[in-house]
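Reader: Before I take this structure to the bench, I would like to go through some of its helices and side chains with you.

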Amino acid sequence: MLIRVSVPVALLALLPLAGLGGAEVVLHEPVPVPQLRCEGGVCRREDAPSSSLPEAVLSEDGPLRPPMVPATPREHEPIYNPVSADEKEPLSQDSATPGADPPPTRRTRVGPDRDTLPEAPFEHLYHEVFNPAVFPFKRMTVLDAVNDDETLRLRDPARSLLAPVSAGRLAEGRDPFFGSVVIEFAAERPVPLPSPAAGVRLLSFQSNPPAPLRFSRDVADNLYVTSPVWGRRRVTYLVDAAQRYFAGPLLPPEAPLPRLRDVPAAQLFRLPARVRRHALQVLQHIGVAAHRDDDYQATLSRLVDYFRAFEQGPLFGHSGSTYLDLALSQRGACRHRAYAFTITALFAGIPTRYVENELHVFVEVYVPDRDRGYWRRINLGGAPMEQRLFGTDNKVTYREKGGDPLPRPEAFRNTTPRKVLGLPPKVARGPERAGEPGASPGGPARGGQGTGGGIGSDGPARPGGNPAGPGSGPGQGGNRGQDRDVRPGTGSGSSDTDSPVENATAPERSAAAPVEDSGLIGLPDPRLDPPAQPLIPTSVTVGVAPEPAVPGLIGHGLYRGATVRVRGQVQARSGPSGGLEVAIFLDTPKGPLPLGRTTTAADGSYTAEVEVPAEAPFGDHRILTRVRGDESRRGSSSGKSRAH
């Protein structure tokens, strides 16, 4: 299917409409487009106030637009609810259709569990609310203190106002994130709000329908939003976060090595006496003295190396302290690692936070950098569970600016998720800083703290030791198409010649090396992943709606930033063709550009609204689609033939 990318008159132009209904056809007609004013990387309409949500932000990785989503919740999108007067539970646990999954909760207390054995396979769900996507590191519950009974809590529930930055501009060394959630407001009741990182700045926000909003945060950087009105609204907010929160060296090369004594006293927390005795046993077992004169980074590295080496298996010991048994046995998944690490690091003099969402648990530590200390995210790994993402349409995965400088033992590297469905493509713009510690040839995110190895997750504990998360469990989440390890390169299936993935530039890999999903969906390589049984052949067609109604007009005239609806059909030679993931590309002379992904319905049909990327060259381009295979069905591509 051909579409035409026309010369844009503005960064975010609209689809030009031609008079197609009358006898006289107007092929070109001027369309008034509001001019954009870009200052400090933030672009707004000329007549828009500086506090309004921008039309786009220009980050290091290229233009980023706010999510184009309706005010009503989409399928499987949860509804965020206010907390009750005592702020212990959500005001309502109901979630109206189509927000089918249970509402997210912010827990005020987290206790350990002793269920450290591998679980029966089932899909764990994750709802991505940010663009770029931070999967699986959304911050929903953050706790930073310990009770006498070894449960975790928030040190201070008091909140302070988080006002928008007056200039509303991007700052050097910080990356922007658009968030979008649906909230059921109750007048003046705070609503827990997810955040992509600690220490975010609020740049702007918008409510649909309009309503006054007030943002706040507590000492652990949990975010909240409050409104004086009642009712359901979609809240879109733009924040930015320091790049060094996510990855890269802990300290600048010229910075002096900090000692534990350099941690500000205000950041330290004194454990209860009973917990201190147990934490001392753990430090002695690890071989860490944690004297005030000890090197901060060396102490942190030793702790990370130990807690990343946890494995799932039977829990040894019956000391009367689950924390002590977990830490000494090195047993458990992400929630066990993060829980035990938090207590141990706090005792060692390293300020630490326990962070969880519906899928994964990780930690944050305070890094003393002279007078500019900051919080740093550390992924400790987890269980290699099957995972499915919702809300990733028209989003990209955040590209970390650096690698992981901390130890990565074998047990950590072996916790790659068994299967992840719904991942957005990775940002391909900007230089890869592969020379930093922990970076790998596949990019700094792989194998570090991004979307590579060591992210196996099982979420916070539920009663009985099972992971908790909105909608987690068998039978949740609609179509559950199987997936397999997708590898760029040689594929099988119909029309596979001259495919987008084969044209894409990718680093060379040996057959023994781990293979990364580059964001351009490939097909299974039989040399690396031979099928256990013959796969059912499939074929995929693609079309653009509405079809051209003008004789002789080939394709649609579109501006960069315009939205086009793509639809088609996946047919299997035998058996069902539903639940398969379809990737959509724009074929250009410079190579294929990923437009988006969707999933086939039960009859194999699919529909998706995609955006013409800002980097698309002018001219006529074909739209291509590729469908992932699964354990029984072969992948296929629409090839370069003109469809419909």
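Author: The questions below take up two helices, some aromatic rings and one arginine. The model is predicted, so local features need pLDDT of at least 70 and side-chain atom pairs count only at pLDDT 80 or more, while totals for chains, interfaces and linings use all residues. Residues are numbered from 1 along each chain as its sequence is written, and side-chain values use heavy atoms, with hydrogens and water left out.

Reader: How far apart are the end C-alpha atoms of helix H1, residues 273-286?

Author: Helices are DSSP runs of H or I with at least four residues, and strands are runs of E with at least two, numbered from the N terminus. The expected span of a helix is 1.5 Å times one less than its number of residues. For the 14 residues of H1 this should be 20 Å, and the distance between the end C-alpha atoms agrees with it, at 20 Å.

Reader: How wide an arc do the buried residues of H1 cover around the axis?

Author: Buried means under 20% relative accessible area and exposed over 50%, with partly exposed in between, for a 1.4 Å probe and protein chains only. In H1 the buried residues are Val-275, His-278, Ala-279, Val-282, Leu-283 and Ile-286. They lie on the same side of H1, because the arc, taken from the directions from the helix axis to the C-beta atoms, is only 145°.

Reader: Which exposed residues does the face of H1 turned away from its buried side carry?

Author: An α-helix has 3.6 residues a turn, so residues three or four places apart point the same way. The buried side of H1 is covered by elements including strand E11 (145-146), helix H2 (296-307), helix H3 (322-329) and helix H4 (334-348), where contact means heavy atoms within 4.5 Å. The face turned away from that side carries the exposed residues Arg-277 and Gln-284.

Reader: Which strands do the buried residues of H2 pack against?

Author: The buried residues of H2 are Tyr-296, Thr-299, Leu-300, Ser-301, Leu-303, Val-304, Tyr-306 and Phe-307. They pack against H1, H3 and H4, and also against two strands, E21 (361-367) and E22 (374-378).

Reader: How many residues apart in sequence are the parts that the pair of Phe-307 and Phe-341 ties together?

Author: Rings of Phe, Tyr and Trp (its six-membered ring) pair if their centres lie within 6.5 Å, and planes under 30 degrees apart count as stacked, over 60 as edge-to-face and the rest as tilted. The whole structure holds 15 aromatic pairs; in this one the ring centres are 5.5 Å apart and the planes stand at 85°, so the pair is edge-to-face. Phe-307 lies in helix H2 and Phe-341 in helix H4, so the parts tied together are separated in sequence by 34 residues.

Reader: Over which ring does the charged end of Arg-353 sit?

Author: Arg-353 belongs to strand E20 (residues 352-356) and counts as buried, because its relative accessibility is 3%. Its side chain reaches the backbone oxygen of Val-219 at 3.0 Å and makes a polar contact with the side chain of Asp-221 at 3.4 Å; a polar contact is a pair of N or O atoms within 3.5 Å, where within protein one must be able to donate a hydrogen and the other to accept it, and residues adjacent in sequence count only if both atoms are side-chain atoms. A charge sits over a ring if NZ of Lys or CZ of Arg is within 6 Å of the ring centre and within 35 degrees of the ring normal. At 3.7 Å from the ring centre, the charged end of Arg-353 sits over Trp-375.
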